[in-house]
Amino acid sequence: MIQLTKVNKTYQGLGGQVHALIDTDLSIDQGASTVIIGKSGSGKSTLLNIISGIDRCEGGEVVINGSKLHTMGENELAKWRGRNIGIVFQNFQLMPTLSALDNVLFPMDLVQVIPAKARKTRAQQLLSEVGLAAKMHKFPNELSGGEIQRVAIARALANDPPIILADEPTGNLDTQNSDRIYQLFESLVQQGKTLVIVTHENISHRNFNQVVTLQDGIILHATQSL
Ligand code: ADP
Ligand code: MG
């Protein structure tokens with residue numbers, strides 16, 4: 001269960017303070033899929049960064065499966081994140097000097113929850129699941145935007161995290177690959193994973209347990225369905 005209570009986040013912009021999140025309350029059930037929709041600049045990435053503990057909120061509480069992120073130190077938080085969260089960043093953040101395979105292996109070697117001898121097979125399997133079996137030895141500069149995006153998705157799943165956060169994960173994908181990724185996400189939710197996706201795309205034809213609408217840092221609606 002993810003529980004945000006009165007979360008606030010402000011940035012110092014060139015034109016003054018930007019209130020990226022204002023008194024945000026949000027509950028996400030364990031094992032549910034949630035989509036956060038909103039225009040560019042509405043605070044979607046900030047909200048994901050607060051849930052992952054990459055960003056700190058100013059006031060308010062973030063409690064995830066009993067862990068109080070707002071009370072944790074940086075080291076404790078980094079360790080917690082490695083075991084609990086898989087993140088697909090909006091700008092992917094692959095390591096340019098590593099092949100696709102090594103990019104997926106990297107978090108496994110770092111966090112060490114997957115046994116060492118199982119890591120390579122797992123990385124190959126994840127890359128196959130996102131349709132990149134033939135390109136695992138390519139480097140990011142040899143891959144298209146959509147392929148890089150799919151490596152980033154495979155990497156987010158590397159440590160088999162219970163919570164997956166994905167920031168515009170299909171933004172660079174054609175319909176076929178986009179469908180493939182949503183099928184993969186659906187199967188993860190069926191396995192009991194908690195999924196939070198951010199998008200500005202039309203998702204009316206997709207299935208989510210919860211749809212959250214953000215506007216200018218304020219949650220307008222949070223509708224739950226089963
Ligand atoms: P979204 O992901 O919905 O496009 P963001 O969460 O990235 O929105 O940004 C929310 C608001 O906060 C925007 O007005 C954006 O310009 C501002 N913002 C985000 N990051 C920073 C930053 N590092 N410094 C200053 N302003 C920022
Ligand atoms: Mg964003």
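This report describes the surroundings of two ligands in a predicted model, followed by selected residues of the chain.

The model is predicted, and local features need pLDDT of at least 70, side-chain atom pairs count only at pLDDT 80 or more, and totals for chains, interfaces and linings use all residues. Residues are numbered from 1 along each chain as its sequence is written, chains are lettered from A and ligands numbered from 1 in the order in which they are written, and side-chain values use heavy atoms, with hydrogens and water left out.

## Ligand 1

The shell around ligand 1 consists of Y11, V18, A20, K39, S40, G41, S42, G43, K44, S45 and T46. A residue belongs there if one of its heavy atoms lies within 4 Å of the ligand. By type, the shell holds 3 nonpolar, 6 polar and 2 charged residues. In this scheme Ala, Val, Leu, Ile, Met, Phe, Trp, Tyr, Cys and Pro are nonpolar, Asp, Glu, Lys and Arg are charged, and the others, Gly among them, are polar.

Polar contacts are pairs of N or O atoms within 3.5 Å; within protein, one atom must be able to donate a hydrogen and the other to accept it, and residues adjacent in sequence count only if both atoms are side-chain atoms. An oxygen atom of ligand 1 lies 2.6 Å from an N or O atom in the side chain of T46. For S45, a polar backbone atom is 2.9 Å from an oxygen atom of the ligand. For G43, a backbone N or O atom is 3.1 Å from an oxygen atom of ligand 1. On its own, ligand 1 has 560 Å² of accessible area, of which the protein covers 62%. Accessible areas come from the Shrake-Rupley method with a 1.4 Å probe, and for residues only the protein chains shown count as cover.

Strand 2 (16-28) and helix 1 (44-52) are the elements that give two or more residues to this shell. The largest share, 3 residues, comes from helix 1. Helices (H or I, at least four residues) and strands (E, at least two) are DSSP runs, numbered from the N terminus.

## Helix 1 and the magnesium ion

Helix 1 is largely enclosed by the rest of the structure, because 7 of its 9 residues are buried. The buried ones are K44, T46, L47, L48, I50, I51 and S52. Buried means under 20% relative accessible area, exposed over 50%, and partly exposed in between (1.4 Å probe, protein chains only). Just after the helix, G53 takes a positive phi of about 80°.

The magnesium ion (ligand 2) has S45 (OG) and Q90 (OE1) as its protein donors, lying 2.1 to 2.4 Å from the ion. S45 is in helix 1 and Q90 is in the loop between strand 6 (85-88) and helix 3 (100-111), so the pair, 45 residues apart, links distant parts of the chain. Donors are N, O and S atoms within 2.8 Å of the metal (3.2 Å for Na, K and Ca); water is not among the atoms, so sites may look incomplete. S45 is partly exposed, because its relative accessibility is 25%. Q90 is also partly exposed, at 42%.

## Two buried strand residues

I85 lies in strand 6 and counts as buried at 8% relative accessibility. Beyond its neighbours within four places in sequence, I85 is in contact (heavy atoms within 4.5 Å) with I51, S52, W80, P161, I163 and L165. I85 and T194 are 109 residues apart in sequence, and their C-alpha atoms are 9.6 Å apart.

T34, in strand 3 (residues 33-37), is buried with a relative accessible area of 0%. The T34 side chain makes a polar contact of 3.4 Å with the side chain of Q210. Apart from residues up to four places away in sequence, T34 touches I28, L195, V196, I197, F208, Q210 and V212.

## Loop residues

Most residues other than glycine have a negative phi. Q93 has a positive phi of about 55° although it is not a glycine, and the phi of D216 is near 50°, also positive in a residue other than glycine. The table adds N141 to these two.

| Residue | Loop | Relative accessible area |
|---|---|---|
| Q93 | between strand 6 and helix 3 | 43%, partly exposed |
| D216 | between strand 9 (210-215) and strand 10 (218-224) | 54%, exposed |
| N141 | between helix 4 (119-129) and helix 5 (145-156) | 69%, exposed |

N141 and V62 are 79 residues apart along the chain, with 37 Å between their C-alpha atoms.
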